[in-house]
Amino acid sequence: MSKISACIISFNEEARIEACLKSLLPVADEIVVVDSLSTDRTREIAAKYTDLIFEQPFLGHVEQKNLAVNKASHDWVLSLDCDERLDATLTQSILEVKDRLDDATAWKMARKTFYIYRWLNHCWRPDFKIRLFNRKLACWGGVNPHDHVEVAQGRVATLQGDILHYSFNSISDHLRTLDSFTEIGADEIIKRGKPVSVLTPFTHGFWTMFRTLVIKRGFQDGFAGVVVSVLSGVHAFVKYSKVIMKRRVTERHLEPRDKA
């Protein structure tokens, strides 16, 4: 039977990390936590479940998660965020395939999100994620802050059950994350030299909102679904607007001082 290393990254997650770690106990043979110098009780709580706790200033979502994977003892890695946990069905599914994990290179699973006061069944659903993978054949990739597992070769199989994602406690909480993630996303776009026109914030923002609200039927998630759809569009609009603004500031700073 293959052994599984559960890998977690954390920063000031004292309110959520324990439930995450508890959900991993039935399936994980070891738990690795890479903490970004938390100032609360995160490391103290994690120490109740593992002694494999490493401190590392935040390198970026992709880089931090790959660091955690590199700290693991086993080739099979199960990765969760601190605001996620395995439901009972997913736990059982993992246990059932644990003696045949090598049938695939990676295993994907659905994620179900709780937003402020209700579960979202359409906006961000089923939101399949690869979270169980062989680290010799897969790793974390993507563009910060939107990381995902990239599989070099082999088959990706599907597990039954859900990752339960407890996302935001309030709209204010959502807006704070939106500001942080759009800042990271804008910097990544600039670093990669991706072209962005003045129309890009509008086209991407509208399309993201329309897709979430109408195509994915976010309106069926009630008022919460409408809020999520609108803020998803705002996220895209703000990210690309920040790219334009940052580039214009840079261009102005590069101009000779005697030019108006």
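Leaving aside its neighbours within four places in sequence, which residues is Thr50 in contact with? The partners are Ile31 and Val33, where contact means heavy atoms within 4.5 Å. We will come back to Thr50 after a look at the whole chain.

**Ground rules**

This is a predicted model, in which local features need pLDDT of at least 70 and side-chain atom pairs count only at pLDDT 80 or more, while totals for chains, interfaces and linings use all residues. Residues are numbered from 1 along each chain as its sequence is written, and side-chain values use heavy atoms, with hydrogens and water left out.

**The overall picture**

The protein's secondary structure consists of 7 helices and 11 strands; these are DSSP runs numbered from the N terminus, with helices being H or I of at least four residues and strands being E of at least two. The radius of gyration is 20 Å, which agrees with the value near 18 Å for a compact globule of 260 residues. For that comparison, the radius is taken over C-alpha atoms, and the globule rule is 2.2 Å times the number of residues to the power 0.38. Along the principal axes, the C-alpha atoms fill a box of roughly 70 × 45 × 40 Å.

Of the 260 residues, 47% count as buried. Here buried means under 20% relative accessible area, exposed means over 50%, and partly exposed lies in between, with a 1.4 Å probe and protein chains only. Among contacts between residues at least 6 apart in sequence, 74% join residues at least 24 apart.

The accessible surface is about 13400 Å², and 55% of this belongs to carbon and sulfur atoms. Such areas come from the Shrake-Rupley method with a 1.4 Å probe, and for residues only the protein chains shown count as cover. On the charge side, there are 36 positive and 33 negative side chains, and the centres of the two sets lie 5 Å apart. Lys and Arg count as positive, Asp and Glu as negative, and His and the chain ends are not counted; the charge is placed at NZ of Lys, CZ of Arg, CG of Asp or CD of Glu.

**Back to Thr50**

Thr50 sits in the loop between helix H2 (42-46) and strand E3 (52-55). Its relative accessibility is 10%, so Thr50 counts as buried. A polar atom of the Thr50 side chain lies 2.5 Å from the backbone oxygen of Ile31, and Ile31 is also one of the contact partners named at the start.

**Backbone details in the loops**

Two cis peptide bonds are worth a look. One joins Arg125 and Pro126, with omega about 5 degrees, and Pro126 lies in the loop between strand E7 (118-120) and strand E8 (129-134). Another runs from Asn144 to Pro145, with omega near 5 degrees; Pro145 is in the loop between strand E9 (138-143) and strand E10 (146-151).

Positive phi values in residues other than glycine are found at Asn12 and Arg217. The table sets out these residues.

| Residue | Phi | Loop | Relative accessibility |
|---|---|---|---|
| Asn12 | near 50 degrees | between strand E1 (4-10) and helix H1 (17-24) | 31%, partly exposed |
| Arg217 | about 60 degrees | between helix H6 (200-215) and helix H7 (222-254) | 40%, partly exposed |

**An exposed arginine**

Arg176 belongs to helix H5 (residues 171-192). With 55% relative accessibility, Arg176 counts as exposed. From Arg176 to Phe128, the separation is 48 residues in sequence and 25 Å in space, C-alpha to C-alpha.

Definitions and conventions: Polar contact = N/O pair within 3.5 Å; in protein donor to acceptor, adjacent residues only side chain to side chain.
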